[in-house]
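Subject: The structure we talked about

Hi,

Here is the structure I promised to pass on. Please open it beside this message, and then read on for what turned up.

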Amino acid sequence: MLYGPGDIRFEDRETPNIMKPTDAVIRLTVTCVCGSDLWPYRGLQPINGPTPMGHEYCGIVEEVGGAVKSIKPGQFVVGSFATSDNTCPHCRYGYQSSCQRREWVSTAQAPLLRVPLADGTLVPTPDVPPVDLFPSLLTCSDVLGTGWFAADAANVKPGATVVVVGDGAVGLLGVLSARQMGAERIIVMSRNPSRQRLAREFGATDIVAGRGDEGVAHIKEITEGVGADSVLECVGTQESMMQAIQSARPGGHVSFVGVPHGVDLNGAQLFFSHVHLHGGPAPVRRYLPKLIDLVLKGKINPGKVFDLVLPLDRVAEGYRAMHERRAIKVLLRP
């Protein structure tokens with residue numbers, strides 16, 4: 001529970017139960033802290049009283065409501081941070097995070113979780129997977145799904161030159177996603193040596209430490225004055241958004257998946273940049289079957305973004321480690 005800036009507590013709460021016939025209750029095998037959880041933790045996003053936290057999850061189904069047809073107790077499932085019926089017009093267009101019946105998952109840093117719209121939100125694996133795959137499957141719930149959406153929304157194509165702005169878990173998995181989509185050159189903007197190493201492991205070819213105008217100038221220099229075909233903005237600040245837009249070539253594509261805080265775009269500047277912009281809350285459910293399959297077949301190992309593992313009752317330590325950038329992403333074991 002988040003009580004205020006810097007004040008996260010582990011405490012007993014009421015056990016989740018089936019509330020609607022379309023619900024499922026799952027027992028989480030692993031959960032985690034997300035970079036977006038740091039906005040309210042740092043006091044940069046207001047909360048209204050003590051607030052449950054967590055929106056990334058996977059686990060074993062314990063109970064389902066009477067209207068649930070495709071999800072059954074005993075299955076291992078992965079779900080999105082945004083619930084969806086997967087049947088409304090927005091879902092059919094592939095934007096399940098804008099489902100007309102959407103609810104935000106916000107209580108997943110816990111042993112048990114109630115998931116609304118279970119049939120449309122949860123994707124089961126063929127069997128209960130090995131324990132060592134749990135971290136990678138957990139990333140599918142948000143950070144890998146969001147990184148994949150960032151690459152998809154930025155129109156990453158085979159042979160493309162890609163810039164990734166942000167070296168958090170989403171940015172790093174944007175690198176992995178761009179590599180999977182066939183990008184030839186992937187330039188990561190990072191000043192952190194351990195994150196740079198993981199970026200290269202995931203497929204980065206170049207590292208740029210500069211930010212703002214300096215970073216943009218370096219991008220233009222190493223692309224011979226052209227700019228990148230695709231730019232993934234994975235932070236959500238004014239500086240990161242402008243850096244992304246200015247790093248793209250005319251006609252290039254910029255995705256933005258970092259939750260915006262204080263971002264204000266200049267219309268005339270955007271007009272003359274000739275870039276395509278596309279972003280928002282990632283429609284993770286669209287990608288879940290593919291991402292789960294890639295993990296189960298051993299083709300990707302996105303769980304490497306978890307560089308600190310803690311029991312759930314030490315969640316406050318996990319928040320501090322991410323806030324102080326001592327950890328990329330913290331895995332929590334209920």
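In which sense do strand β14 (residues 306-311) and β15 pair, and over how many bridges? They run parallel to each other, and 5 bridges link them. Before going further, please keep in mind that this is a predicted model.

**Around β15**

One place to see that pairing is F306, whose bridge partner in β15 is K329. β15 itself covers residues 329-333, and 4 of its 5 residues are buried, leaving the strand mostly covered. β15 also pairs with strand β3 (residues 24-32), this time in the antiparallel sense and through 2 bridges. There, C32 has L331 of β15 as its bridge partner.

Helix α12 (residues 315-323) belongs to this region too: together with β14 and β15 it makes a β-α-β unit, and the unit is right-handed. In the loop that leads from α12 to β15 you will find R325. R325 is not a glycine, yet its phi is positive, near 60°. Its relative accessible area is 41%, so R325 is classed as partly exposed.

**The parallel sheet**

Next, please turn to the open sheet of 6 strands, which pair in parallel in the order β10-β9-β8-β11-β12-β13. β10 (206-208) and β13 (276-279) are the edge strands; each has a single partner strand, so one side of each has no neighbour in the sheet. From one strand to the next, the twist averages 20°.

At the β10 edge, strand β9 (residues 185-189) is joined to β10 by 3 bridges, and the two run parallel. I187 is the residue that stands opposite D206 of β10. Helix α6 packs on this sheet, where it touches β8 (161-165), β9 and β11. The direction of α6 makes about 175° with that of β9.

When you look along the strands, one general point may help: side chains in a regular strand alternate between the two faces of the sheet.

Towards the β13 edge, A248 is a good residue to click on; it lies in strand β12 (residues 248-256). Is A248 buried or exposed? Its relative accessible area is 7%, and because buried means under 20%, A248 counts as buried. Although A248 and A228 are 20 residues apart along the chain, their C-alpha atoms are separated by 4.6 Å. A228 is also among the contacts of A248, along with G227, V231, V254 and V275, once neighbours within four places in sequence are left aside.

**Helices α5 and α6**

How many of the 11 residues of helix α5 (residues 143-153) are buried? The count is 10, so α5 is largely enclosed by the rest of the structure. Those buried residues include L144, G147, W148 and A151, and these four are also what S177 touches, not counting residues up to four places away in sequence. S177 sits in helix α6 (residues 169-180). With a relative accessibility of 0%, S177 counts as buried.

L176 is in α6 as well. At 6% relative accessibility, L176 is another buried residue. Outside the residues up to four places away in sequence, L176 touches L144, F202, I300 and P302. L144 of α5 is thus a contact of L176 and also of S177. Computed along the sequence, L176 and G147 are 29 residues apart, while their C-alpha atoms are 8.1 Å apart in space.

**Two more positive phi values**

α5 is followed by N155, which has a positive phi near 60°. E224, in the loop between α8 (212-222) and β11 (228-233), has a positive phi near 55° and is not a glycine either. Is E224 buried or exposed? Its relative accessibility is 74%, so E224 counts as exposed.

If you would like a short route through the model, begin with β15 and its partners β14 and β3, go on to the six-stranded sheet, and finish with the contacts that S177 makes.

Happy viewing, and do write back with any questions.

Best wishes

Key
Residues are numbered from 1 along each chain as its sequence is written. This is a predicted model: local features need pLDDT of at least 70, side-chain atom pairs count only at pLDDT 80 or more; totals for chains, interfaces and linings use all residues. Side-chain values use heavy atoms; hydrogens and water are left out. Buried means under 20% relative accessible area, exposed over 50%, partly exposed in between (1.4 Å probe, protein chains only). Helices (H or I, at least four residues) and strands (E, at least two) are DSSP runs, numbered from the N terminus. Two strands pair if DSSP finds at least two bridges between them. A crossover is right-handed if, with the strands pointing away from the viewer, the path from the first strand over the helix to the second runs clockwise. Contact means heavy atoms within 4.5 Å. Axes are lines fitted to C-alpha atoms, for helices over the stretch in contact, and angles run from 0 to 180 degrees between N-to-C directions.
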